[in-house]
Amino acid sequence: LQMLEQQVVGGEEAQNKDLKEKHKRRKKYADERRLQLVAALQESKEDSSEQALLNVYDSIQEEVRAKSKMLEKVQEKLWAAETEIKDLQLEFGLEKMDYLSTIRRQERDLMLCQQLLDQVQSLVRRDCNYSNLERIRRESVWDEESGCWKIPEPVIQKTHLP
C-alpha cells in the first residue's frame with residue numbers, strides 16, 4: 001500500500017532521481033537570478049516599485065508593510081522635490097527683482113546722461129566736431145578688448161577766409 005501511495009502521490013516520476021536533480025537545479029538557478037536582480041536594483045537605486053515586483057510575500061501584512069515603506073520613500077522624494085522647486089522659484093524671484101532694479105537704475109542713469117548732453121551741447125562751439133551728437137555716435141566704435149567706447153577726439157575746425 002505504501003509503495004502504491006508513493007507512486008501515486010509523486011506520480012510515475014516520483015522515484016526518478018535525475019528529474020529531482022533537474023528540478024533542484026532550476027529552482028536554485030531561479031533563486032540566484034532573483035537575488036541578482038534584487039541586488040542590481042538596489043545598487044542602481046532606481047525606483048523601488050520594480051523591486052516590489054520581484055519580492056514574494058508570505059502574508060498580506062508583509063506586503064502592506066513593504067508597500068507602505070515604498071510609499072513613504074516616494075513621499076519623501078516628492079516632498080524634497082517640492083521643497084527644491086519652491087527654493088528655486090524664490091531664488092528666481094529674487095534674481096528677477098534684482099535685475100529689474102538694475103534696469104531701472106541704468107535707465108535713470110541713462111536719462112541723466114542724456115539730459116546732461118542736451119544741456120552741454122548748446123555750450124559747445126559750433127566749429128567743434130562735438131557740436132553734432134549724432135555724428136559722434138556714428139563715428140564711435142565699441143572696443144571689445146577694453147570694454148569701452150572709442151570716441152573721436154575733439155577737433156576745432158577753423159576756417160580761413162581769403
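**A pocket, a patch and some salt bridges**

The second largest pocket holds about 250 Å³ of space, where a pocket is an open set of points on a 1 Å grid over the protein atoms alone, at which a 1.4 Å probe fits and which has protein on both sides within 12 Å along at least five of seven lines, and where a volume is the space filled by probe spheres set on the points, joined across faces, edges and corners. Before I go on, please keep in mind that this is a predicted model, in which local features need pLDDT of at least 70 and side-chain atom pairs count only at pLDDT 80 or more, while totals for chains, interfaces and linings use all residues. Residues are numbered from 1 along each chain as its sequence is written, and side-chain values use heavy atoms, with hydrogens and water left out.

Which residues line the second largest pocket? With lining residues taken as those having an atom within 4 Å of a point, they are Leu110, Cys113, Gln114, Leu117, Tyr130, Leu133, Ile136, Arg137, Ser140 and Ile151. Two elements, α4 (60-121) and α5 (133-139), give two or more residues to this lining, and α4 gives the most, with four residues; helices here are DSSP runs (H or I, at least four residues), numbered from the N terminus. By class the lining has seven nonpolar, two polar and one charged residues, with Ala, Val, Leu, Ile, Met, Phe, Trp, Tyr, Cys and Pro counted as nonpolar, Asp, Glu, Lys and Arg as charged, and the others, Gly among them, as polar.

Arg137, one of the lining residues, also brings me to the salt bridges, of which a search of the whole structure finds four, each being a side-chain nitrogen of Lys or Arg within 4 Å of a carboxyl oxygen of Asp or Glu. Arg137 pairs with Glu134 at 3.4 Å, N to O, and these two residues are three apart in helix α5, about one helical turn. Arg137 is partly exposed at 45% relative accessible area, partly exposed lying between buried (under 20%) and exposed (over 50%), with a 1.4 Å probe and protein chains only. Also in helix α5, Glu139 and Arg135 are four residues apart, and their closest N and O atoms are 3.0 Å apart in a salt bridge.

Turning to helix α4, Glu63 and Lys67 lie four residues apart there and meet in a salt bridge at 3.0 Å, N to O. Glu63 is partly exposed at 28%, and Lys67 is partly exposed as well, at 41%.
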